[in-house]
Amino acid sequence: MDIWSWISELPDSNKWDESESPPTFQLVSSKPTNADSTQSIQLRAERTSGSNSEALVIFSVYVQGFHPCNAEKTLWVSDACPLTSDKPFLPLLLQLVQEIVSRSPTAHDSTCPRSQLQKLRPEPVAWVLDSHSPESLTSFFNLVFLTRLFWLCVCEAPSEVGSLYFHSLLTPHIELFSCNHHAHVLRTFLVSIGVDAELCFMRSLGYMLAKWLILRDVGVGLQTLTPVPKLGFSYATEAHGLWTLKAYAPVMATTMTHTRTGFKGQDKQYSAIEFEAKDSVLRYALSHQQLEAVIQFEYSVNFHDGYIQVSTRVSNLRFHIVKLGFAKNDDMGMGCYTDERHFPSRIRVWVGPEIGSTYVASLTLGRSTENTEKEVKTQRTVKGNFGKMKIPSVKATMRQSTRTRTRNWRWDQDAQGNAAIFEAVLREDNGGIEVATNKPPISEDNKWGNGLRKGYAGANRVLSKSGGLVFAKDEYGERVEWRLSKEMEGSVLKWRIGGHIWLSYRPNERKSSYFETRCVEWCDEVDLPLIPSK
């Protein structure tokens, strides 16, 4: 499917005769069993004229062959695009993006509701068109158009249209929504439109992917694509002395490592059919969540006689689990599950030279392996009696107590080759057991024991009230250092940055025996400029 090339190759204003039948792009067609007509979704381009006889083109999405009358029905009409402009289809792309952003699910209790987001400026979208070739724009435009079609076909059309969209249009092109496609174009686009529009755009995509994953999981004919591609997006940037990796992943698209049935590879594998009815509702609620991550390192470069020193430390690690819903009691009917969510239980991030580099002389870590501090108190008491008793008596007792200072998060540094690794592991209060690898004990009433129940409520919570997590350099600011060959001065190197995040679920307010741990991994490249300031 190459919609952008079809649009780009439409006749120009001088060769397009309005009397001819409008060009049509067949998005998908299918003839159901025992049906008299073919069901189809089409994109149509119609030439028209403006007030000053300016040649314009208007795009429309049509559906045909659906119950009850099988007649043609218009789902959507675009704004007019001037064919004489140097960017004739900029209004089309801008309208699609604006409508996706305006339909974004928002986080519950958001302080920045989408109603406050103003219309997008055309300059960032125009920059995307100018900075990439038509070939590289093909996949990106398909992604944007399929996302807009989701809201048209699934939310604003009869159920048969939505079924055709999911089975015959989205599923064959689901890899468009993985990290491996159009990464460069998407990175330029997200950076250009600004962080507020970026969040809304990515939450719209996350909501759509969550619905697709749910339908696939419950078994409605979407299992043909196995395994599921790595859905979600990530990109990395370098600016103002910071390396930043941003990433988005629907929770259902992450890899399951640990479930109610035991560790993967031991007990039988996870299946939605195995759930009790109440746990199925819980799982449905948990499926409408998305991980939004920001991994940020602060770096500096110092030039010395004979070598270059590169230093870095954690600036910010932010992990938020966003509810993909439209209100606390939205159409999903899950208001009682609002406080049930996944949370980060293990974080492993890394940064370092690209694999195979030979210009690094040494790597120095900045933190020792944790040596837990223990405080021992000893008390001795001696009692004696030398009175009128015939036999004097002496009694001695000793008491000893040990106090160990522990924290819920254990931090470690490590190295793999010349890459520095920063790792944080969440431990439960009762015994310091690692949450990400622990199978909670089951109690007599068939409920799992949970040392983290209400972990994001109360004065001693280990997570934010929204279930997220923030680490800043005041918490973990030790630097790591590399010494590089002086010969690299004046060059711009490629360094790698990545993260491996584990998400766990434990019952918070609900009484349930279900728990799970999932994981997701990202890796990208950033620039390291080794250019002395003048």
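A residue counts as buried here when its relative accessible area is under 20%, as exposed when that area is over 50%, and as partly exposed in between. Keep that cut-off in mind for the views below, all of which come from a predicted model.

**Figure 1. The whole chain, before we zoom in.** The protein chain has 8 helices and 21 strands. Of its 534 residues, 48% count as buried. If you look at contacts between residues at least 6 apart in sequence, 70% of them join residues at least 24 apart. The accessible surface adds up to about 26,200 Å², and carbon and sulfur atoms own 48% of that.

**Figure 2. Where to go easy on the details.** The chain averages a pLDDT of 80, and 74% of the residues score at least 70. Residues 262-275 are another matter: pLDDT stays under 50 there, although the model gives this stretch 27 contacts beyond four places in sequence. Residues 444-448 also have a pLDDT below 50, with 16 contacts in the model beyond near neighbours in sequence. Where pLDDT is low, the predicted coordinates should not be read in detail.

**Figure 3. Trp-4 meets Phe-89, edge to face.** The model holds 19 aromatic pairs. For Trp-4 and Phe-89, the ring centres sit 6.4 Å apart and the planes make an angle of 80°, so this pair is edge-to-face. The two partners come from distant parts of the chain, 85 residues apart: Trp-4 belongs to helix H1 (residues 3-8), while Phe-89 is in the loop between strand E5 (81-82) and helix H2 (90-102). Trp-4 is buried, because its relative accessibility is 8%. Phe-89 is buried too, at 9%.

**Figure 4. Trp-6 and Phe-25, a tilted pair.** Here the rings are 5.6 Å apart, centre to centre, with 55° between their planes. Trp-6 lies in helix H1 and Phe-25 in strand E1 (residues 24-30), so the pair ties together parts that are 19 residues apart in sequence. Is Trp-6 buried or exposed? Its relative accessibility is 17%, so Trp-6 counts as buried. Phe-25 is buried as well, with a relative accessible area of 16%.

**Figure 5. A cluster of aromatic rings.** Five names to pick out in this view: Trp-4, Phe-59, Phe-89, Phe-141 and Phe-145, which form one aromatic cluster. Ser-78 is a handy landmark, since Phe-59 is one of the residues it touches. Leaving out residues up to four places away in sequence, Ser-78 also touches Ile-58, Leu-92 and Gln-95. You'll find Ser-78 in the loop between strand E4 (73-77) and E5. Ser-78 is buried despite its place in a loop, with 6% relative accessibility.

**Figure 6. Leu-137 and what surrounds it.** Leu-137 is part of helix H4 (residues 134-153). With 4% relative accessibility, Leu-137 counts as buried. Neighbours within four places in sequence aside, Leu-137 is in contact with Trp-4, Val-128, Leu-129, His-132 and Val-185. Try tracing the path to Asp-2, too: Asp-2 and Leu-137 are 135 residues apart in sequence, but their C-alpha atoms are 9.9 Å apart in space.

**Figure 7. The buried side of helix H3 and its packing partners.** Helix H3 covers residues 122-130, and its buried residues are Pro-124, Val-125, Ala-126, Val-128 and Leu-129. What do these residues pack against? The partners are H1, H2, H4 and helix H6 (183-193). Two of the buried residues, Val-128 and Leu-129, turn up among the contacts of Leu-137 in the previous view.

**Figure 8. Helix H7, end to end.** H7 runs over residues 195-218, with 24 residues in total. From first C-alpha to last, H7 reaches 34 Å, close to the expected 34 Å. Of the 24 residues, 18 are buried, so H7 is largely enclosed by the rest of the structure.

**Figure 9. Two arginines over tyrosine rings.** Arg-44 lies over the face of Tyr-62, at 4.0 Å from the ring centre. In the companion panel, Arg-483 lies over the face of Tyr-307, at 4.2 Å from the ring centre.

**Figure 10. His-240, with a positive phi.** His-240 isn't a glycine, yet its phi is near 55°. His-240 is found in the loop between strand E6 (233-239) and strand E7 (242-250). His-240 counts as exposed, because its relative accessibility is 81%.

Terms used:
Residues are numbered from 1 along each chain as its sequence is written. This is a predicted model: local features need pLDDT of at least 70, side-chain atom pairs count only at pLDDT 80 or more; totals for chains, interfaces and linings use all residues. Side-chain values use heavy atoms; hydrogens and water are left out. pLDDT is the predictor's confidence in each residue, from 0 to 100. Contact means heavy atoms within 4.5 Å. Rings of Phe, Tyr and Trp (its six-membered ring) pair if their centres lie within 6.5 Å; planes under 30 degrees apart count as stacked, over 60 as edge-to-face and the rest as tilted. Helices (H or I, at least four residues) and strands (E, at least two) are DSSP runs, numbered from the N terminus. Buried means under 20% relative accessible area, exposed over 50%, partly exposed in between (1.4 Å probe, protein chains only). A charge sits over a ring if NZ of Lys or CZ of Arg is within 6 Å of the ring centre and within 35 degrees of the ring normal. The expected span of a helix is 1.5 Å times one less than its number of residues. Accessible areas come from the Shrake-Rupley method with a 1.4 Å probe; for residues, only the protein chains shown count as cover.
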